[in-house]
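Student: I should like to learn how to read the features of a protein model, one at a time. May we begin with the strands and then proceed to other features?

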Amino acid sequence: MDCFVTQEYRRLWSLKSVTAHINASKPLIQNQTAGTKIINIHVAADNLPNDGTIGSDYICVMSVFGPKGWEKYARTEVSWEKKNMCQPTIEWIQPFSITYDPEGLHLLHFEIYQITSDFYSLKHQKRIGECDSDISTLMREIKRSEDFLKVQIHPFYEDGVDSFHSEHTPYLKIRYTDVNMKVSGSFFIKAAFQSKCNHRFFKPSIFFTIEKDNIPFFMSDTQKLEKKCSFEMIELSQQLSCGENLDSQLKLNIFENSKKVKAIGSFFTTINELSGASESDFEIKNEKGCTIGTFIINFIGKSKAQRIDDLQLRGISVQSCFALDFSAGKSVCDSYRMVLNGVGDSLNSISQIKPYRAFGFGIIDNQKQGIFSITKEKCGEFSSVQKIMDKYRSKLFKCVIPQTAKLYPVIKHTKQKAIEKWNQYRIFTIVTIITDGNITDVQKTIDKLAECDDVPICYIIVTIKSKKNPLRSALCQAHGKVIHSNGTKTKRRVFKMLYYANKFVNQPHNLEDAAHAATKMIHEWADLNGLE
C-alpha cells in the first residue's frame, strides 16, 4: 500500500476537494450476534515538528498487526499547509474505517509523514514521528462525542540526528464514531459564495469545510474570490455527514487564503433545513459584525440507493485489474505510463483493496489466448501502479512484440476471475484495458461484454494514438451498453470508453472520469442485483 498513488503529493492536489469516505484496505464485516461493529477512527495532531525547510504538509498512516507483522492499513489525505484550517493543529478529513471485535486484539500503529517530494511513494517522504494506541483504550476513554484520546507522538530521528523543529510536545488526538448500518444513500448540493468585498489588486482564494461535532468531513475545492464564485457539486454520504438524524447540526466554515489561511465566517445548518428549499441563503459576517457576503446552497436531491461507501460497509470491496495491449509496440510506453498513473489515481478512492492485478495480452506466433503474465510471480499481483509500469516496461523490451491483439480472451479471463473473487471475498472488479484499439475480434468482444450484466465487473477501456480504430468505432456510440449478436442488450452499462493522446494540448484530464464512470457502473450493477 506504500505507493498506490502517483499525484496526491503534488501541491496542485491541494486545490481539489476532499470528501470523507469509508477508508479501509480490507473487507469490513459487522456481525451483531458476535458483538463486532464497524467504527470510523478520526485523527488530528498538535505541534507537529518539521524540518524547517519546506511547507508543513502532513499525512497520517495507520497500520494494523497481521500475520506478517505490521501492515499498512489506510491513510489520510495530505493536510496541506495552505489549506490547514487551524494551525498548529492539523486536521484530516479522511477517517480510518475498521471492524472492532471485542474479543480480538486491536493495537494500532500511527506514522506521521511530512511531504517533502512529489514522487509517488511514501518512501520519498520524511517520517517525522509515530505512536501506538488500541481500540479498547479508545472506546473506554471516550464517553462523549466531543472527547478524544491524546497520545504522544515519538519523533523519528534519521541516523540518530534530530532534524526537526518543534517547541512543544507533539500529540495525536484520536476519536471514533460508530457506523449506523441502518443508514445509506447520499445528498447532493451545490454551493456558491457571493462577496460584497472589493478586492481590486490581489484576489485571495476561498474554500470551505463542513463538520459535525467538531469533526470535519468535507473540504471544498479552492476558488479565486470573485463577486460570485461557484464550487463543484458535492455528494455527501448520509453515513458520514448527519447519520440517521437529519436535524444534526452541521457547521460550515469559510476560509480565505492569501499568504496564510484565515477564517472569514461560519454558520450552522441541518440537512432538513437545506432539503426544505431549493435554495438557502446564509449571511456571512466578519469578526466585526459586518456583512461580507452571502453563502448560497442549492439542494439538488437525495439518492436513497446504496452508494460505494454503503456497499463497502456491507462487506463488498472493489479491486482494480489492468490489462495491457503489447501489440501497440514500444513507442507507446510513455502513453501507457500516463494512462496507468491517471486512471490509477482516479480509481484509488474507490478501489481500495490491494494488491492490484495486471497482465499483458497480444497474439504471438498464432497463440489462441494471447494472455500472459508480465511478472515471474504466478499470482500477477502488484502493490502499486508504479510496479505494474516497471514490469510492463521490462517485459516489453525483452519479449517479441505481438503482431495483433484479441480482446475476447481478455474479457473471458477477467469475467471468470471476477466471479471467483466475488464468490470467495465479495469483491467487485474494475478492469482497465489499455490498447491502441486495433483489435481483430471486435464482434466476439461485444458478445462477451453483453454476458457481463450480472457479473460483478466493469471495464474502463482506454485507447491511445488515434481515435480512428476498430474498437472505438464499434463501441463509442454504445454509451456503455452493448447488444449481443443474438439481439439481447445489456440492462446496465458495463464499460466506459476513454481516449488519451500524448500531446500537451490533450493532457489526461478525461482520465479522471474513470472513477466517476466506474462508480456509476457499480451502482447500476448493485441496483440490478437488488443488493441491500
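**Reading strands, salt bridges and burial**

Tutor: Let us begin with one residue pair: Asp281 stands opposite Ile296 in strand 21. Please keep in mind that this is a predicted model.

Student: Which residue stands opposite Ile296 in strand 21, apart from Asp281?

Tutor: Ala192 also stands opposite Ile296 in strand 21. To read a strand, one asks which strands pair with it and in what sense. Strand 12 (residues 186-195) runs antiparallel to strand 21 (residues 291-303), and 10 bridges join them. Strand 20 (residues 279-285) also pairs with strand 21 in the antiparallel sense, here over seven bridges.

Student: How many residues lie between the strands in the hairpin of strand 20 and strand 21?

Tutor: There are five residues between the strands of that hairpin, and Gly289 takes a positive phi near 85 degrees there.

Student: How many helices and strands are there in the protein?

Tutor: The protein has nine helices and 28 strands.

Student: How should I read a salt bridge, and how many does the structure hold?

Tutor: One looks for a side-chain nitrogen of Lys or Arg within 4 Å of a carboxyl oxygen of Asp or Glu. The structure holds 12 salt bridges. One of them joins the side chains of Glu512 and Lys16, at 3.7 Å from N to O. This pair links distant parts of the chain, 496 residues apart: Glu512 belongs to the loop between strand 28 (495-500) and helix 9 (513-528), and Lys16 to the segment before strand 1 (18-19).

Student: Are Glu512 and Lys16 buried or exposed?

Tutor: The general idea is that a residue counts as buried under 20% relative accessible area and as exposed over 50%, with partly exposed in between. Glu512 has a relative accessible area of 45%, so Glu512 is partly exposed. Lys16 is also partly exposed, because its relative accessibility is 32%.

Student: Which residues are joined with Glu111 by salt bridges?

Tutor: The side chains of Lys72 and Glu111 meet at 3.9 Å, N to O. Lys72 lies in strand 4 (residues 69-75) and Glu111 in strand 7 (residues 107-114), so this salt bridge ties together parts that are 39 residues apart in sequence. A salt bridge also forms between the side chains of Glu111 and Arg127, at 3.3 Å from N to O. Here strand 7, which holds Glu111, is linked with strand 8 (residues 126-134), which holds Arg127; the two residues are 16 apart. Salt bridges with shared partners join Lys72, Glu111, Arg127 and Glu130 into one network.

Student: Why does Glu111 count as buried?

Tutor: Glu111 counts as buried because its relative accessible area is 8%. Arg127 is buried as well, whereas Lys72, with a relative accessible area of 32%, is partly exposed.

Student: Where is Gly437 found, and which residues is it in contact with?

Tutor: To read a contact, one sets aside close neighbours in sequence and looks for residues that meet in space. Gly437 is found in the loop between strand 26 (427-435) and helix 7 (442-449). Beyond its neighbours within four places in sequence, Gly437 is in contact with Thr463, Asn469, Pro470 and Leu471. Gly437 is buried, with a relative accessible area of 0%.

Student: What do burial and contacts look like over the whole protein?

Tutor: Of the 532 residues, 57% count as buried. Among contacts between residues at least 6 apart in sequence, 74% join residues at least 24 apart.

Definitions and conventions:
Residues numbered from 1 in each chain as written. Predicted model: local features only at pLDDT ≥ 70, side-chain atom pairs only at ≥ 80, totals over all residues. Heavy atoms only, no water. Helix = DSSP H or I, 4+ residues; strand = E, 2+ residues; numbered from the N terminus. Buried < 20%, exposed > 50% of the residue type's maximum accessible area, 1.4 Å probe, protein only. Contact = heavy atoms within 4.5 Å. Pairing = 2+ DSSP bridges.
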